[in-house]
Amino acid sequence: MATARPKLIESVSGTSSIDFAAEVRRGLSKPGQKELPSSFLYDEVGSALFEVICLLPEYGLSRAGARLLQLHAEEITERLPLPVIVAELGSGSGTKTRWILEALAKRQPVKYFPIDISRTALSRCWQELGHLDSVSLVGFERAYLDGLLEVAARRESGERLLVLFLGSTIGNFDRPAGETFLRQVREILLPGDALLLAADLEKPWPQLLAAYDDPTGVTAAFNLNILGHINRSFGADFDLSKFAHSVRYDEKQRRIEMHLRSLVDQQVKIPAADFVLRLHKGETIWTESSHKYTCPEVVTMGERAGFSCNGQWADHEWPFSQSLFLAT
């Protein structure tokens, strides 16, 4: 089989600094619970810290996803009609994606389009996957749906599209919002296209607490870095030493919440957002949610969004699932 020449094109970011500033102001000015979008955790520093988190013994999520792909990549790809092009939402470094790309490359040359808002993540993806035989790589520094629209516009006649959503990022959405997002993905796809969706499954609270509040403090540094990101981008004067990483579990919603708790009464200036934040001691900024699912729940969610489930695989060492959906 001929070897396709790998390449990387980093497109202009889909989120401007003006958008970022507006989101910061909107989230931090909310009455009651203040919040920041979890996507802002992933600047250059945050992306590097997350790669370290994935190596921690307490954080079994990434290893579970990788195990499933390593074991079942050929079975998954054999269920796909050819030719197929691959788009990945939130690719990160692309480490787990290798198994899918290598399995597909045994059957056809592969065009792979990683989509990520982090330029650093795309660069690492290139380092990890840019030299695979029979795989060409074109990266988009975009928000998920913006990038997917661009990939869909590039497809040639007869090509199917496989969308990878591998990091269990679906759990960062509230359940109704997650289903809405899947429906928006479906609207971009054609019948017969596919979605491989990862979801973290329910597990005991002590196991979750250790994963999201590790004893070495890497997750705390990752969480605090969102304030550093705002400092660097907008000249804010957050003092990170005046905040503490805090993890909660909402049993009713079945979700982990990451917060930053203010250790003192304080005032923070964010000049580029034309905003002054005032926090009381003990008040928190909500930075990330991670909803946990059951396998049947994932199938039902996909079906309501306009897909049919073609296969589902679960890891039992760290409860986790990969589900293959076809657009109906």
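Start by selecting residues 1–16, where pLDDT stays under 50. The model still has 51 contacts beyond four places in sequence for residues 1–16, so keep in mind, as you look at them, that this whole structure is a predicted model and that pLDDT is the predictor's confidence in each residue. Now colour the whole protein by confidence: the mean pLDDT is 92, and 95% of the residues reach 70 or more.

Next, step along to Asp19, which lies in helix H1, residues 17–28. Asp19 counts as partly exposed, with a relative accessibility of 38%. For a sense of distance, draw a line from the C-alpha of Asp19 to that of Val218: it spans 28 Å, and the two residues are 199 apart along the chain.

**Into the core**

Val218 opens helix H9, which covers residues 218–234. H9 gives seven residues to the largest nonpolar core, the most of any contributor. That core has 68 residues, and Leu162, Phe238 and Ile270 have the most contacts inside it. In soluble globular proteins, nonpolar side chains tend to be buried together.

Which residues does Ile270 touch, leaving aside those up to four places away in sequence? Select Ile270 and show its surroundings: you should find Val24, Leu28, Ile230, Phe234, Ala236, Phe238 and Phe275. There is also a second, separate core, this one of 31 residues; among them are Ile170, Val185, Ala199 and Cys295.

**Rings**

Show the aromatic side chains now; the structure holds 15 aromatic pairs. Zoom in on Tyr59 and Tyr212, an edge-to-face pair with 6.0 Å between centres and 75° between planes. Tyr59 sits in the loop between helix H2 (44–53) and helix H3 (61–78), while Tyr212 belongs to helix H8 (residues 205–212), so this pair ties together parts that are 153 residues apart in sequence.

Are these two tyrosines buried or exposed? Tyr59 has 8% relative accessibility and therefore counts as buried. Tyr212, at 6%, counts as buried too. Widen the selection to include Tyr42, Phe50 and Phe222, and you have the cluster that ring pairs make with Tyr59 and Tyr212.

For another geometry, go to Phe173 and Phe181, which are stacked, with centres 4.9 Å apart and 25° between the planes. The partners differ in burial: Phe173 is partly exposed at 21% relative accessibility, whereas Phe181 is buried at 5%. The cut-off for buried is under 20%, so Phe173 falls outside it at 21%.

**Along helix H7**

Phe181 is a good way into helix H7, residues 175–188. Its 14 residues reach 21 Å from the first C-alpha to the last, close to the 20 Å expected at 1.5 Å a residue. Highlight the buried residues of H7: Arg175, Gly178, Glu179, Phe181, Leu182, Val185, Arg186 and Ile188. Then add Tyr293 to the view and look at Arg175, whose charged end sits over the Tyr293 ring, 4.7 Å from the ring centre.

**Backbone stops**

The next stops are about phi and omega. Most residues other than glycine have a negative phi, and most peptide bonds are trans.

Just ahead of H7, select Ser168, in the loop between strand S6 (160–165) and H7. Ser168 is not a glycine, yet has a positive phi of about 55°. With 7% relative accessibility, Ser168 counts as buried.

Compare Asp274, in the loop between strand S10 (266–270) and strand S11 (275–279). Asp274 also has a positive phi, near 50°, but at 61% relative accessibility it counts as exposed.

Where along the chain is the cis peptide bond that involves Pro83? It runs from Leu82 to Pro83, with omega near -5°. Pro83 itself is in the loop between H3 and strand S2 (84–89).

**Last stop**

Finish at His131, in the loop between helix H5 (119–129) and strand S4 (135–137). His131 has 60% relative accessibility and so counts as exposed. Add Thr97 to the selection and draw a C-alpha to C-alpha line: it spans 13 Å, for two residues 34 apart in sequence.

Terms used. Residues are numbered from 1 along each chain as its sequence is written. This is a predicted model: local features need pLDDT of at least 70, side-chain atom pairs count only at pLDDT 80 or more; totals for chains, interfaces and linings use all residues. Side-chain values use heavy atoms; hydrogens and water are left out. Helices (H or I, at least four residues) and strands (E, at least two) are DSSP runs, numbered from the N terminus. The expected span of a helix is 1.5 Å times one less than its number of residues. Buried means under 20% relative accessible area, exposed over 50%, partly exposed in between (1.4 Å probe, protein chains only). A nonpolar core is a set of buried Ala, Val, Leu, Ile, Met, Phe, Trp, Tyr and Cys residues joined through side-chain atoms within 4.5 Å. Contact means heavy atoms within 4.5 Å. Rings of Phe, Tyr and Trp (its six-membered ring) pair if their centres lie within 6.5 Å; planes under 30 degrees apart count as stacked, over 60 as edge-to-face and the rest as tilted. A charge sits over a ring if NZ of Lys or CZ of Arg is within 6 Å of the ring centre and within 35 degrees of the ring normal. pLDDT is the predictor's confidence in each residue, from 0 to 100.
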